Amino acid sequence: FQRLADGLSRSSKAMTDQVVGSFSKQPLDEERLDELEEMLIEADLGPYSAARIRNRFAEERFGKSADEREIKEALAAAIGDELAAREGDFEPLSGVRPYVVMFIGVNGSGKTTTLGKIAADLTSRGAKVLIVAGDTFRAAAVEQLKVWADRARADFMSRPTGADAAGLAYDAVERAKAEGYDVVLIDTAGRLQNKQGLMDELLKIIRVVKKVEPEAPHEVLLVLDATVGRNALAQENIFGNQIGVTGIVMTKLDGTARGGVLVPVAQASDSPIKLIGVGEGIDDLQPFRARAFARSLVG
Ligand code: GDP
């Protein structure tokens, strides 16, 4: 978790140090509680969590003073409690074969990179992995995914620009069944300017995949970029309401001041947070652990 700790603590340091510094100098009063709540809202934790954490501090600590370390620990514990029930495991090698995973989210959120990191992890564990370039609209996206497939030593399927993504997904799952693949990773388009068109296409891919394998896709991972702050919440809302999302990946948590947005996203979503992206490298993906995340956020 060192990289996450580096990234998050860098971004949140200013905010926490200022408020925690003011906290530790004198007994906790209304003014400092206001500061705390404001800091949490500015850090994108959302009004509900901010209010709950404020109330908890008021109940447990009003009129008391504490040193900086103790305040930070209390804050991390409170944020960790907000998230504890929102952890989910991502385990594609659980026995179902082929295990079909779809990646959805707006362009630039980190779908391709996340898919590549997962592919590399799986092949390094000996799995036979098929990567499917389901964003058939952008030639550049297909090329970028191919680079990740080569790097991960995974097999790759694509179609010419403009081809039907659902047809490609169908063929891919059929091939995976016939050739004994462990995991199929399907990238998808993410242009949100034509929202309904995109949702229809994603739903069509899911429908068509189910014709080959009724239980598939076993995972639909929604990839959200933490650096867009509260926009991530709007994206969760759009995709979450229309597509059956099974888990969330929050990317770019390294070096952003907006990692706190993971809290309202986790609470708004019906599906758990499964993975976090903490860099552009092949190893920069981690399982989401609420308490470790909360500690890193506080710094
Ligand atoms: P896609 O359009 O959703 O497929 O997004 P990409 O996978 O192409 O990612 C967009 C950009 O974000 C690329 O430059 C990635 O290197 C970068 N990126 C993805 N995940 C992370 C992350 O966890 N941390 C950082 N710093 N950059 C990331």
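The exercises below, each with a worked solution, concern a predicted model of a protein with a ligand.

**Exercise 1.** Find out how many residues surround the ligand, which of them are closest, and how they divide into nonpolar, polar and charged residues.

*Solution.* Begin by counting the shell, which holds 17 residues, and note that the closest are Gly108, Thr112, Thr113, Asp254 and Glu280. Next, sort the residues of this shell by type, which gives 2 nonpolar, 9 polar and 6 charged residues. Finally, ask where in the chain they come from: the largest share, 4 residues, is supplied by helix 5, which covers residues 111–124.

**Exercise 2.** Describe the polar contacts that oxygen atoms of the ligand make with Gly110, with Thr112 and with Gly279, and state what percentage of the ligand's accessible area the protein covers.

*Solution.* A pair of N or O atoms counts as a polar contact when the two lie within 3.5 Å, so each distance has to be held against that cut-off. Take the side chain first: a polar side-chain atom of Thr112 is found 2.6 Å from a ligand oxygen. Then turn to the backbone, where an N or O atom of Gly110 lies 3.0 Å from an oxygen of the ligand, and where a polar backbone atom of Gly279 is 3.2 Å from a ligand oxygen. As a last step, consider the ligand's surface: on its own the ligand has 580 Å² of accessible area, and the protein covers 81% of it.

**Exercise 3.** Describe how helix 3 packs against helix 4, and then how helix 8 packs against helix 9.

*Solution.* Two packed helices are described by the angle between their axes and the distance between the axes. For helix 3 (residues 47–61) and helix 4 (residues 68–83), the angle is about 135° and the axes are 10 Å apart. Helix 3 is therefore oblique to helix 4, and the crossing of these two helices is right-handed. For helix 8 (residues 195–212) and helix 9 (residues 231–242), the axes come within 10 Å and cross at roughly 45°. Helix 8 is therefore oblique to helix 9, and their crossing is right-handed.

**Exercise 4.** Locate the cis peptide bonds that lead to Pro98 and Pro217, and name the loop in which each proline lies.

*Solution.* Start with the bond from Arg97 to Pro98, which is cis with omega near -10°; Pro98 belongs to the loop between helix 4 and strand 1 (99–104). Continue with the cis bond that joins Ala216 and Pro217, where omega is about -10°; Pro217 sits in the loop between helix 8 and strand 5 (219–225).

Note on methods:
Residues numbered from 1 in each chain as written. Predicted model: local features only at pLDDT ≥ 70, side-chain atom pairs only at ≥ 80, totals over all residues. Heavy atoms only, no water. Near = heavy atom within 4 Å. Polar contact = N/O pair within 3.5 Å; in protein donor to acceptor, adjacent residues only side chain to side chain. Areas by Shrake-Rupley, 256 points an atom, 1.4 Å probe, with all protein chains shown as cover. Nonpolar A, V, L, I, M, F, W, Y, C, P; charged D, E, K, R; others polar. Axes fitted to C-alpha atoms, helices over the stretch in contact; angles between N-to-C directions. Parallel < 35°, antiparallel > 145°, perpendicular 65-115°, else oblique. Left-handed = near helix turned anticlockwise from the far one by under 90°.
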